[in-house]
Amino acid sequence: MTDLSVQQQLDPSKPSWERPEGASLEQWMSTRIARYSTRQYDWDALKFQADFDPKYRRAQMRYVGTGGTGVASDNNTVPAEHFTFSTMVIPAGHEGPSHLHTDVEEIFFLMRGKLKVVLTTPEGERYETILTDRDLISVPPGVYREEINIGDEDALMCVMLGSKTPVRPTYPADHPLSKVKRD
């Protein structure tokens, strides 16, 4: 479990990986560990999407930083410096809606399941592929991406974004979620 007392002493003007003054190696390293046993799936991080349409219901489990879901803070994660890392569960038949990150590359590493990934450029070019166990795709900034669970079980994937605090993603102008206000 992350030692929050040491983590909260971190100087925001210094990189998160710098050893806090006066901290032992054990205290310092305890702020750099995120154990599965201390994580829980956050089904509310993207609840506004599921409230709009239940097919968008999915959950995030954060490890490094808060990712691109718009969660403001999570003191139970390793502080992010150059990227974020989380896992995501997409139930069978559900999907992550088409969205675009303007500032970061996004990596999807499918640990378990079967996802159809649809990539679209703002100019309308389209590419689809199927990911299965242990497949990875790197989506550049400026390309819309959606992930659709076409399997019979929950899909479990790792998600990595190439920034400490990515800009909140946007949806295509003609997508219904582009009109939905977040809480």
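## Strand S8, boxed in

Let's start with strand S8, residues 144-149, in this predicted model. Six of its six residues are buried, so the strand is largely enclosed by the rest of the structure. The cut-off for "buried" here is a relative accessible area under 20%.

Look at which way the side chains go. In a regular strand they alternate between the two faces of the sheet. In S8, Tyr144, Glu146 and Ile148 point one way, while Arg145, Glu147 and Asn149 point the other way. Both sets are buried, and that includes charged residues such as Arg145, Glu146 and Glu147.

## Who S8 pairs with

S8 has a partner in strand S5, residues 115-120, and the two run antiparallel with six bridges joining them. If you want a spot to find this pairing on screen, go to Val118, which stands opposite Glu146 in S8.

Strand S3, residues 95-99, also pairs with S8 in the antiparallel sense, this time over three bridges. Here the place to look is His99, which stands opposite Arg145 in S8.

## One aromatic pair

How many aromatic pairs does the structure hold? Just one. The rings of Tyr63 and Phe85 have their centres 6.1 Å apart and their planes at 70°, so this pair counts as edge-to-face; the angle has to be over 60 degrees for that label. The pair links distant parts of the chain: Tyr63 belongs to strand S1 (residues 59-64) and Phe85 to strand S2 (residues 84-90), with the two residues 22 apart.

Are the two partners buried or exposed? Tyr63 counts as buried, because its relative accessibility is 15%. Phe85 comes out at 26%, so it is classed as partly exposed.

## Arginines over rings

Tyr63 has another neighbour worth a look. The charged end of Arg39 sits over the Tyr63 ring, 5.6 Å from its centre. So Tyr63 features both in the edge-to-face pair with Phe85 and in this contact with Arg39.

There is a second case of this kind at Trp43: the charged end of Arg57 sits over that ring, 3.9 Å from the centre.

## An odd backbone angle at Arg134

Most residues other than glycine have a negative phi. Arg134 is not a glycine, yet it has a positive phi of about 70°. Where does Arg134 lie? You'll find it in the loop between strand S6 (126-131) and strand S7 (135-139). Arg134 is also exposed, because its relative accessible area is 67%.

Conventions
Residues numbered from 1 in each chain as written. Predicted model: local features only at pLDDT ≥ 70, side-chain atom pairs only at ≥ 80, totals over all residues. Heavy atoms only, no water. Helix = DSSP H or I, 4+ residues; strand = E, 2+ residues; numbered from the N terminus. Buried < 20%, exposed > 50% of the residue type's maximum accessible area, 1.4 Å probe, protein only. Pairing = 2+ DSSP bridges. Phe/Tyr/Trp six-rings, centres within 6.5 Å; stacked < 30°, edge-to-face > 60°. Lys NZ or Arg CZ within 6 Å of the ring centre and 35° of its normal.
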